[in-house]
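Work through the exercises below with the structure open. Try each task before reading its solution.

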Amino acid sequence: MTTTSAKSSPAADPHHEPVPGAAEPTPSVVILRLRHIAGALSLVAGLSVLASIVWQVTDQVAAGRFQPTEYFAYFTIQTALINIVVLIVGGLLAFRTPIDPPLYSAIRASVFAYAVVTGVVYNLLLRGIPNDDGYVAPPWPNENLHVWIPIYIALDWLLNPTRARLQWRTMWLAVSFPLIWVGVTMVRGAITGWYPYPFLEPFGPSGVPGVVQYVVGIAVLIIALAALAVAVTRLHHRVARR
């Protein structure tokens, strides 16, 4: 008598990798309620970022020192503008869909990496450095953009299980924008002599080698954070499928 061995089903195999494009597990009622709360918080956070930008611009205009081409050249400001859109869109999606779409989740993973880097770089390298012209910025917008919003974005990503399951290649999407930003910034600096951050100045104490070290270090940090963001979505979905 001969016997045939039955193939194990994907659901029975704990190590099975879900087929790309397969249906996402439906969140429970409790998770959906928490998703709605997180969506409302994202809307508030996005509006607070917008308020911070408006406050800073208004204050600089009143002080007669607003330079649009310089203000909007900062990585913090450019990512803050991205945050406004991503947080508000995410807040609206939370009330319309049970799971964030893959494209939005991939962009949101990049935002997670940028927010953490913004908070780390500012608080370790830039906090307390005075402006050359003696201008003192209003404290709340600065703290909101460099401390509270990065903390919120990080916690929201780590604790929210309603993201699409991401592929590992997502981390290359995350690092593409910062590399383009650095390239444009360095070319512009070579032409105008102005750099948004002291650690990017090739004529500083550390010279070009110091600039390269900072850029490489930050790029590695962004890749590591993006990888963590992907791993978090995969862990959430593995737990949800049990």
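Helices here are DSSP runs (H or I, at least four residues), numbered from the N terminus. The model is predicted: local features need pLDDT of at least 70, side-chain atom pairs count only at pLDDT 80 or more, and totals for chains, interfaces and linings use all residues. Residues are numbered from 1 along each chain as its sequence is written, and side-chain values use heavy atoms, with hydrogens and water left out.

**Exercise 1. Describe the largest cavity and its lining.**

Step 1: fix the term. On a 1 Å grid over the protein atoms alone, a cavity is a set of points where a 1.4 Å probe fits but cannot get out; lining residues have an atom within 4 Å of a point. Points are joined across faces, edges and corners, and a volume is the space filled by probe spheres set on them.

Step 2: count. There are three cavities of 30 Å³ or more. The largest has a volume of about 250 Å³. It is lined by 19 residues, and Phe75, Val117, Trp181, Phe199 and Ile218 are the closest to its centre.

Step 3: assign helices. H3 (75-94), H4 (102-126), H6 (170-192) and H7 (207-240) each supply at least two lining residues. H4 has the largest share, five residues.

Step 4: sort by class. Ala, Val, Leu, Ile, Met, Phe, Trp, Tyr, Cys and Pro count as nonpolar, Asp, Glu, Lys and Arg as charged, and the others, Gly among them, as polar. The lining of the largest cavity has 16 nonpolar, three polar and no charged residues.

**Exercise 2. Describe the second largest cavity.**

Step 1: its volume is about 80 Å³.

Step 2: list the lining. Among its residues are Val49, Thr76, Asn83, Tyr114, Leu145 and Pro150. H3, H4 and H5 (139-159) each supply at least two.

Step 3: sort by class. Eight are nonpolar, four polar and none charged.

**Exercise 3. How do H1 and H3 cross?**

Step 1: take the axes, which are lines fitted to C-alpha atoms over the stretch in contact, with angles from 0 to 180 degrees between N-to-C directions. The axes of H1 (residues 29-62) and H3 come within 7 Å and cross at roughly 150 degrees.

Step 2: name the arrangement. H1 is therefore roughly antiparallel to H3. Angles under 35 degrees count as roughly parallel, over 145 as roughly antiparallel, 65 to 115 as roughly perpendicular and the rest as oblique.

Step 3: find the hand. H1 passes H3 in a left-handed crossing; left-handed means the near helix is turned anticlockwise from the far one by less than a right angle, right-handed clockwise.

Step 4: list contacts, meaning heavy atoms within 4.5 Å. H1 residues including Gly39, Leu43, Gly46 and Leu50 meet H3 residues including Ala80, Ile84, Leu87 and Gly91. This contact has 14 nonpolar, six polar and one charged residues.

**Exercise 4. Repeat the analysis for H3 and H5.**

Step 1: their axes come within 12 Å and cross at roughly 40 degrees. H3 and H5 are therefore oblique to each other. The crossing is left-handed.

Step 2: list contacts. Thr76, Ile77, Ala80, Asn83 and Leu87 of H3 meet Leu145, His146, Ile149, Tyr152 and Ile153 of H5. Seven of these residues are nonpolar, three polar and none charged.

Definitions and conventions
1 Å grid on protein atoms, 1.4 Å probe; cavity = no way out; pocket = protein on both sides within 12 Å on 5 of 7 lines; lining within 4 Å.
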